[in-house]
Each structure stands twice: as structure tokens, then as C-alpha cells.
Amino acid sequence: ATASVVTTAGAAWGFILSTFALVFAAEWGDKSFIATIALAAASSPVGVVGGAIAGHGVATAIAVSFGSVLSNYVSERTVQYVGGSLFLVFAAATLVDIFAQ
């Protein structure tokens, strides 16, 4: 029984660490990251940290809740295709915007 608890705890920590790595890599260098740097340079860094943690926490809670409900109606494969397609559409729109200027 003890070995299964240790295995379960290890799996949980592995999942937490992989989720952290994914979110950290996705957020590093994006617009909100740059905006947070600018905000911290112009005001209280402690206040910016608190606001950023709260804002990201609320956004993540909404995303997780929506994903949990969505998984009852749509397959994971469909979500992957739609997400990938939207990513490509946004990339194409960005390229059009870059070359249109």
C-alpha cells in the first residue's frame, strides 16, 4: 500500500512539474510578459507580482473549468485539431499584418 501511495505522489508531482514547464515556456516572452516587465518598472514590483499571480490564477481557473466542461461534449482529438487550426489562422493573420505594413 505504501509503494502505491509513493508512486501516486510521484506521478502527481511529475504532472505538476510538466504543467509548470508547459505554462512557463508558453508565457515566457509573450505580450503579457513584456507588459508585466513594463508595469513593474513603472510601479510597485510587489503589487505587480500580486496582481499578475491573481490574474493568471483566475484566467487559468476559467480555462480549466471550461476545458473540464468541454471534455464532456467534445473529444480531445477535436480540441487538438481546432486549437491547431486556430493557431495556424492566427499565424497567417500575423504574417498578413506584417507584410501589409
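**Exercises on a four-helix chain**

Valine 69 is partly exposed, with a relative accessible area of 47% (buried means under 20%, exposed over 50%, partly exposed in between, with a 1.4 Å probe and protein chains only). The model is predicted, so local features need pLDDT of at least 70 and side-chain atom pairs count only at pLDDT 80 or more, while totals for chains, interfaces and linings use all residues. Residues are numbered from 1 along each chain as its sequence is written, and side-chain values use heavy atoms, without hydrogens and water.

**Exercise 1.** Describe the secondary structure of the chain and state how spread out the chain is.

*Solution.*
- Step 1: The chain has 4 helices and 0 strands (DSSP runs numbered from the N terminus: helices are H or I with at least four residues, strands E with at least two).
- Step 2: Read from the N terminus, the order of elements is α-α-α-α.
- Step 3: The radius of gyration is 19 Å, well over the 13 Å that the globule rule gives for 101 residues, so the chain is more spread out than a compact globule (the radius is taken over C-alpha atoms, and the rule is 2.2 Å times the number of residues to the power 0.38).
- Step 4: The C-alpha trace spans about 65 × 40 × 20 Å along its principal axes.
- Step 5: Of the 101 residues, 1% count as buried.
- Step 6: About 8400 Å² of the chain is exposed, and carbon and sulfur atoms supply 77% of this area (Shrake-Rupley method, 1.4 Å probe; for residues, only the protein chains shown count as cover).

**Exercise 2.** Determine which elements line the largest pocket.

*Solution.*
- Step 1: The largest pocket has a volume of about 510 Å³. A pocket is an open set of points on a 1 Å grid over the protein atoms alone where a 1.4 Å probe fits, with protein on both sides within 12 Å along at least five of seven lines; lining residues have an atom within 4 Å of a point.
- Step 2: Of its 17 lining residues, Phe33, Thr36, Ala52, Ile53 and His56 are the closest to the centre.
- Step 3: Two or more lining residues come from each of α1 (2-27), α2 (31-42) and α3 (45-70).
- Step 4: The largest share, 7 residues, belongs to α3.

**Exercise 3.** Place valine 82 and serine 44 in the chain, and identify the nonpolar patch that includes Val82.

*Solution.*
- Step 1: Valine 82 sits in helix α4 (residues 76-100), and its relative accessible area of 45% makes it partly exposed.
- Step 2: Together with Leu86, Val89 and Phe90, Val82 forms a nonpolar surface patch of about 380 Å² accessible area. Such a patch joins nonpolar side chains (Val, Leu, Ile, Met, Phe, Trp, Tyr) within 5 Å, from residues with over 30% relative accessible area and no salt bridge (a side-chain nitrogen of Lys or Arg within 4 Å of a carboxyl oxygen of Asp or Glu).
- Step 3: Serine 44 belongs to the loop between α2 and α3; it is partly exposed, at 43% relative accessible area.

**Exercise 4.** Give the C-alpha separation of valine 69 and leucine 86, and that of threonine 94 and serine 32.

*Solution.*
- Step 1: Valine 69, in helix α3, is 17 residues from leucine 86 along the chain, and their C-alpha atoms are 20 Å apart.
- Step 2: Threonine 94, in helix α4, lies 62 residues from serine 32 along the chain, with 17 Å between their C-alpha atoms.

Note on methods: Patches are made of residues with over 30% relative accessible area and no salt bridge: like charges are joined within 9 Å, nonpolar side chains (Val, Leu, Ile, Met, Phe, Trp, Tyr) within 5 Å. Grid points are joined across faces, edges and corners, and a volume is the space filled by probe spheres set on the points.
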